[in-house]
Amino acid sequence: MIAGDQPTCFPPELLVRISSKSDGTVLDRAVGVHNPAIVTNRTAFCEHIGVSYGDVVYQRIVYDETQTYDKITEVKEQDTCKHIDEIQADALVTDEPGVALMLPIADCVGTVIYDPVQRRLALVHLGRHSTIAHLMTKTIEHFVTRGSNPRDLIIWMAPSIKASHYRMEYFDHAEKPEWRPYVDARDDGFYLNLHGFNRSLAVNAGVLPANIHESPHNTATHDEYFSHSVGDPTGRFAVLAMMR
């Protein structure tokens, strides 16, 4: 864990921490999602920040043709690792203090959304698929239906791949008006600005721009964060969030 990379935008009752390569990978599908050695890494990271892994809800992202990438799941104590291994969802939401949400990521945008007034917390996986599905908007709407005012929400985006390095050979949304400001078409492909697009969704949903924060670190160029874009297909670091 890199002390200087942890977010400072949240009030003290919210614990948000990210691991780094020095903590070991928290997911390696090549050896199994819950391989004992990988679970040991997760457990050690949690202990280092004062959290029991048994109090964690482990978020698993599933990619297949049946997914819509906008699944939002409310979780409570019975969903923690002391009871079950994982919850498959694109966004986890809780209103229970002491329930820690953990998301393994590499280049995707691990995003924490917190309402300090209603005391509600979300951990959101914003990859390309879920960004196209407007998961940011749908998660904010989920908060609103439960009493939140979007102006109260605080959002933080973890280290992730930046627009300068997120290249795709083809992007079939490039000409859509909402995407045009966030796609840079070059000779070698399309470069996507997931952060900018998701920020725009949050602002359009009523979140104050001053309440949206983004880690400056680019996983494609930072030596201490796992990144698939540089040829590391298995490693993941963790984003963990918990209301005290």
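**A tour of the pocket, the cavity and the aromatic cluster**

The largest pocket has a volume of about 390 Å³. Bear in mind while selecting that the model is predicted.

**Stop 1: the pocket.** Select Tyr63, Asp107, Cys108, His125 and His228, which lie nearest the centre of the largest pocket among the 19 residues that line it. Two elements, strand 6 (100–105) and helix 2 (128–132), each give two or more residues to this lining. Colour the lining of the largest pocket by class and the count is eleven nonpolar, four polar and four charged residues.

**Stop 2: His125.** Keep His125 selected and show strand 8 (residues 120–126), in which this histidine lies. Is His125 buried or exposed? The relative accessible area of His125 is 6%, under the 20% cut-off, so the residue counts as buried. Beyond its neighbours within four places in sequence, His125 is in contact with Gln59, Ile61, Tyr63, Asp90, Leu103, Ile105, Cys108, Val109, Ser130 and Leu135. For a distance label, pick the C-alpha atoms of His125 and Pro104: they are 9.0 Å apart in space, with the two positions 21 residues apart in sequence numbering.

**Stop 3: the cavity.** The structure holds one cavity of 30 Å³ or more, and the volume of the largest cavity is about 30 Å³. To display its lining, select Ile61, Tyr63, Tyr69, Asp90, His125, Gly127, His129 and Ser130. By class, that lining has three nonpolar residues, four polar and one charged. Tyr63 and His125, already selected at the pocket, also line the largest cavity.

**Stop 4: Cys46.** Next, go to Cys46, which is buried at 0% relative accessibility. Which cysteine sulfur is closest to that of Cys46? The one in Cys81, but the two sulfur atoms are 8.2 Å apart, too far for a bond, because a disulfide needs them within 2.5 Å. Across the whole structure, a search finds zero disulfides.

**Stop 5: the aromatic cluster.** A search of the whole structure finds five aromatic pairs. Select Phe171 and Trp179: their ring centres are 5.0 Å apart and their planes are at 75°, so this pair is edge-to-face. Both Phe171 and Trp179 are buried. Then add Tyr182 and Phe197, whose ring centres are 5.8 Å apart with planes at 85°, so they too are edge-to-face. This second pair links distant parts of the chain, 15 residues apart: Tyr182 is in the loop between strand 10 (167–168) and strand 11 (183–186), and Phe197 is in helix 4 (residues 194–204). Tyr182 is buried, with a relative accessible area of 19%, and Phe197 is buried at 1%. Leave Phe171, Trp179, Tyr182 and Phe197 selected together, as they form one aromatic cluster.

Key. Residues are numbered from 1 along each chain as its sequence is written. This is a predicted model: local features need pLDDT of at least 70, side-chain atom pairs count only at pLDDT 80 or more; totals for chains, interfaces and linings use all residues. Side-chain values use heavy atoms; hydrogens and water are left out. On a 1 Å grid over the protein atoms alone, a cavity is a set of points where a 1.4 Å probe fits but cannot get out, and a pocket is an open set with protein on both sides within 12 Å along at least five of seven lines; lining residues have an atom within 4 Å of a point. Grid points are joined across faces, edges and corners, and a volume is the space filled by probe spheres set on the points. Helices (H or I, at least four residues) and strands (E, at least two) are DSSP runs, numbered from the N terminus. Ala, Val, Leu, Ile, Met, Phe, Trp, Tyr, Cys and Pro count as nonpolar, Asp, Glu, Lys and Arg as charged, and the others, Gly among them, as polar. Buried means under 20% relative accessible area, exposed over 50%, partly exposed in between (1.4 Å probe, protein chains only). Contact means heavy atoms within 4.5 Å. Rings of Phe, Tyr and Trp (its six-membered ring) pair if their centres lie within 6.5 Å; planes under 30 degrees apart count as stacked, over 60 as edge-to-face and the rest as tilted.
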